[in-house]
Amino acid sequence: MLVRPISEDTGWSATAIAGAVTVGGVLAGVGAPLVGFMADRYSPRILMTLGVVLMGASFFFIAAAPSVWVLVVGYAVARGIAQNMIAGVVPRVIVVNWFRRMRGRAIGLVGTAHPIGTFVLGPVALFIIGTGLGWRGVWVIFGIAVIVLLVLPNALVIRRTPEEMGLLPDGDLAADGGQDAAIAASAREAEQSWTFGEAVRTRALTLIILSIVLANYGGGGLPFHMPQIYADQGLGEATGVAAVSMFAISGAFANTLWGFLAERISERLLGIFTMLMGAVLALCFPFVSHPIAAVSYGMLLGVAMRGEASILLILVANYYGRRSYGAISGLVQTAILVGLALGPVIMAQVRESTDSYLPVFYSGAVTFTIAAVLLAFATKPERPLRPSTSATTTAGGNQP
């Protein structure tokens, strides 16, 4: 949204500016496991507060950028590091630590926050530019807002686990013994959770990661090409833009919808359903011939694809527990971003080499279907016994 104002003001090419965003996205994927490891070991209060400071500082850095390379560095810090601390891995670790019964809705709500924020802040940025402050003013105001609104709440309110406050997950009161009993219960649960090394050696996590990459190939590529697809079908550019907007809005709220459903229905079955839904939608794209149908199609694609990430993050939490969820979910986040990055590029190459979008639709349907099959085989693994925890397992049970 800011590419054109930045390019017109500075003379930097749109490709170079878009490259800064791409670098940030790549670093966000690469950095997610590292931030996850940190979230498993250090206080999220410290990490999120640090993330806010880094985010605000990077916005100021971008606002003062004298060259496009400084812009790249600013985006790299903002998206590659700070975003994972504020709106990615670290908040999900907090949610998994604080919720068990209501874990689905909590992860879903956290997943909804980022796309809604992106949707709301776009018009705000355009308004600021319209007042004459320009694109640099946008980054300065956003930087001030981030620091003023988020530093104190993160520093004062956030706690790593409910046990620190004498509670159990979901706000349950601890049994007799108060905080000490809660901490002991947390320790027993941690013993039954998987380590990162144990998790990455399981067939289930390998299948989940492959499934995520394949599903996000279609989930990232089809919406990216949707405006051109509808333009080729004679529906007009405005219809394509409206369909993409509906995809974004419905996708944001789909996180919460699927999160609530995951508390009642198997996450794996829900994930398979969304992937098969994506396959059907990919095959039906050529038959969309009316603007209302096109916009509705964007909504359905958003519901299917944007809730899938939350579903699988819940699945990972329930499979492997709280102990190393940060590192494991960081790996999952990398898989999501890889799929989202591959989809638009590969689909564009398929379109150019065949001069038709039909092979693009078929490729999406195939990858969605394979992803569903892989997820069907990703059954819950059995945690290997540890000699030092066998007694705890007998006493405390095997809780996720």
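Helices here are DSSP runs of H or I at least four residues long, and strands are runs of E of at least two, both numbered from the N terminus. By that count, the predicted model has 16 helices and zero strands. As for overall packing, the protein is as compact as a globular protein of 400 residues, because its radius of gyration is 22 Å and the globule rule gives a close 21 Å for that length. The C-alpha trace spans about 65 × 45 × 30 Å along the principal axes.

A few whole-chain totals fill in the picture. Of the 400 residues, 48% are buried. Among contacts with a separation of 6 or more, 80% come from residues 24 or more positions apart. The exposed area comes to about 17,800 Å², with carbon and sulfur atoms supplying 70% of it. On the charge side, there are 24 positive and 20 negative charges, and their mean positions lie 4 Å apart.

How confident is the predictor, and where does that change? The average pLDDT is 83, and 91% of the residues score at least 70. Among the elements, H15 has the highest mean pLDDT, at 94, while helix H16 (residues 390-396) has the lowest, at 39. The stretch 389-400 stays under 50 in pLDDT, and for these residues the model has 19 contacts beyond four places in sequence.

Now for some individual positions, starting with a backbone oddity. Asp355 sits in the loop between helix H14 (325-354) and helix H15 (358-376). Its phi is near 60°, a positive value in a residue other than glycine. Most residues other than glycine have a negative phi. With a relative accessibility of 60%, and the cut-off for exposed being over 50%, Asp355 counts as exposed.

Val96 belongs to helix H5 (residues 89-98). Is this valine buried or exposed? Its relative accessibility is just 1%, so Val96 counts as buried. Setting aside neighbours within four places in sequence, Val96 touches Arg103, Ile107, Ala317, Arg322 and Tyr325. Thr202, 106 residues away along the chain, has its C-alpha 21 Å from that of Val96.

Another valine, Val200, is found in helix H8 (residues 196-200). At 32% relative accessibility, Val200 counts as partly exposed, since that class runs between the buried limit of 20% and the exposed limit of 50%. Beyond four places in sequence, the contacts of Val200 are with Leu205, Thr206 and Leu331. Between Val200 and Ala309, the sequence separation is 109 residues and the C-alpha to C-alpha distance is 19 Å.

Finally, Ala65 lies in a loop, the one between helix H3 (44-63) and helix H4 (68-86). What does its accessibility say? Ala65 has a relative accessibility of 1% and therefore counts as buried. Leaving out neighbours within four places in sequence, the residues in contact with Ala65 are Trp12, Val70, Leu71 and Arg136. Phe253, 188 residues from Ala65 in sequence, is 35 Å away from it, C-alpha to C-alpha.

Conventions:
Residues numbered from 1 in each chain as written. Predicted model: local features only at pLDDT ≥ 70, side-chain atom pairs only at ≥ 80, totals over all residues. Heavy atoms only, no water. Rg over C-alpha atoms; globule rule 2.2 N^0.38 Å. Buried < 20%, exposed > 50% of the residue type's maximum accessible area, 1.4 Å probe, protein only. Contact = heavy atoms within 4.5 Å. Areas by Shrake-Rupley, 256 points an atom, 1.4 Å probe, with all protein chains shown as cover. Lys, Arg positive; Asp, Glu negative; His and termini not counted. Charge placed at Lys NZ, Arg CZ, Asp CG, Glu CD. pLDDT = per-residue confidence, 0-100.
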